[in-house]
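Trainee: Mind if I quiz you on this one? I keep wondering where the labels come from.
Mentor: Go ahead, let's look at it together.

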Amino acid sequence: MALVLPILLHSPSTPTLVEIIMTLEDTSKPEGRPQTIARPAWFGSSINPAVPMAGSEDSPNPIKTETARREVTLPPGIGKMEFELAMDDLRSLIGAEHVQINDGPLNDGSYYNVPLSHDTYALLERDYFVPCAVVAPGSTADVQAVVKWANKWLIPLWVISIGRNLGYGGSACRVPGSLLVNVGKRLNKVLSVDENAATCLLQPGVTYIDLYEDLKRRGLGDKLWIDVPDLGGGSVIGNTLDRGVGYTPMGDHFAAHCGLEVVLPNGEIVRTGMDAMPGTNCGQSFQYGFGPSHDGIFSQSNFGIVTRMGLFLMPNPGGILPFMITFPEKEDLVAAVDILRPMMLNRTLGNVPSLRMGLWDAATYGSKDKYWPENAGRPVPEDIEDRIVKEAGLGHWVFYGALYGPDSVTAPTWEVVKSKFTPIKNLFFAPISPVNGADALKQVEMCKKRCVEYGFDYLANIVTILFDRSKPEERKRAEQLIRLLISDAAQLGYGEYRTHIALYDQVAATYNWNDNAIMKLNNTLKDALDVNGIMQPGRSGIWPKKYRGQGWELDGVRPPKDPRSVGGKL
């Protein structure tokens, strides 16, 4: 179970998901796949999305904007004069045009243009997880220079590829006043593609859209496929290192990576796998090389900055048959999961499975006010849920799947899939969690009970808590709910695989077998690799030695450590 905290905002100038879907061709056929993906001229990120970007007269932030400047949140232990000297030093290393002080208003932007100044979907006060400044290195050597600078001035770094880790913290830094290292701003190239080996080599700023368009330009768009988590504007490297998941047979993104280039906390560069050999042309041919495999310690961690990554692509399997199966009754969940499990394990189903609530999908076709005008902000009761999913033409549960291969392969397999589900009453087929039904039902009941208790709708797939970020009381209830869900899940033996930056410490504490042995190992690695504690302190609940026990951990009980400057220092 993963717990995410997004709020989906919509402005009149931004197309809805349904409007976008309605304009798409059938992408299961080559002729339905466009050469490029349409997006605004200001698609990207900026420290203040309210300011129009070069080449566009439109503001990337069409929603309510702020203009007042703020006092900079200084790094821990750094006074104003020392901070100014450190920034001058950084400008001399990277270039003044690539360093921005974060002293402007906190405007939220949109998916098309995410803010670098703060977390758009803040769980705590939105001016808490804010960086002191943003730097955009243009090479691996620049990244080395930034890391060595941080060790010199003892200023913590927080690293992003692009900043679209939405619902998990976005561009925000765990320690207020950290320097945000925007590695994807200028390191944004597809370095190579090997058609025969079905691999590529990327920098952090390459999005799924960028990679798709690059393959199209090379004439390989129909030969080599990519796996996208959901929307394609996020970083391929960023999502892979956060162990994101997609939907095709290549849906385990970290399993599809092959070789990393990493700048360590001391400024040294290492390459993993076959790329550890000088002059090799086998870097994307084999993941492991010789000896211990270190790649995993750089995922969801703070042990280094990845500046390039190899990736396995998916050769065209000869066709795809996507389909949707709807289950009309709430009680169908147990049978659905128990039927799906063996087909997933024996690879009858080729894709990463996606089983979710019909209410979730109904939300893409209309708002709660459309379906239930008299809702007054209340969670959707069961009788209204029944009406909504029926009105939307959905069941209470919806499974999305796909079969891969030519028609001669997928047609008979599709017959097998249909035959497995026929025992479920009133099943509808429309071509286009846990590993057993009992656990799935247990998780659903637990989550739904808590969501309703705290006044929120239960939307299952990834459990999504939708709250109004402009209302402090509602935001606080959302934090209380998600912390309680983490605790409830842990008691049932369920753990989160990703989470919001404000929840790192609580989630990490649930993985505490054998007197917290895994965190002790993490701390040992952290202390050995990051002597000065400058690399993303607090990432995944891993704290450098000088931060541990100093009040930086967040547990939802003790107040957050105050980031405001007092006498020039924290």
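Mentor: Before you start, keep in mind that this is a predicted model. As a warm-up, the lining of the second largest pocket has 13 nonpolar, eight polar and five charged residues.

Trainee: How much space lies in the second largest pocket, then?
Mentor: About 580 Å³. It is lined by 26 residues, and Arg243, Gln300, Asn522, Ser540 and Ile542 are the closest to its centre.

Trainee: Which element gives the most to that lining?
Mentor: That's α14, with five residues.

Trainee: Okay, arginine 483. Why is it called buried?
Mentor: Its relative accessible area is 8%, and buried means under 20%, so the label fits arginine 483.

Trainee: Where does arginine 483 sit, and what does it touch?
Mentor: It belongs to helix α12, residues 472-491. Leaving aside residues up to four places away in sequence, arginine 483 touches Ala502, Leu503, Gln506, Leu554, Asp555 and Gly556.

Trainee: What makes strand β17 largely enclosed by the rest of the structure?
Mentor: Seven of its eight residues, 397-404, are buried, so that description follows.

Trainee: And how do you know that β15 pairs with β17?
Mentor: Pairing takes at least two bridges, and eight join β15 (residues 320-327) to β17, so they pair. The two run antiparallel, and isoleucine 325 has phenylalanine 399 in β17 as its bridge partner.

Trainee: What about β16 and β17?
Mentor: Four bridges join β16 (residues 354-357) to β17, so that pair passes too, again antiparallel. There, serine 354 stands opposite tyrosine 400 in β17.

Note on methods
Residues numbered from 1 in each chain as written. Predicted model: local features only at pLDDT ≥ 70, side-chain atom pairs only at ≥ 80, totals over all residues. Heavy atoms only, no water. Buried < 20%, exposed > 50% of the residue type's maximum accessible area, 1.4 Å probe, protein only. Contact = heavy atoms within 4.5 Å. 1 Å grid on protein atoms, 1.4 Å probe; cavity = no way out; pocket = protein on both sides within 12 Å on 5 of 7 lines; lining within 4 Å. Points joined across faces, edges and corners; volume = space filled by probe spheres on them. Nonpolar A, V, L, I, M, F, W, Y, C, P; charged D, E, K, R; others polar.
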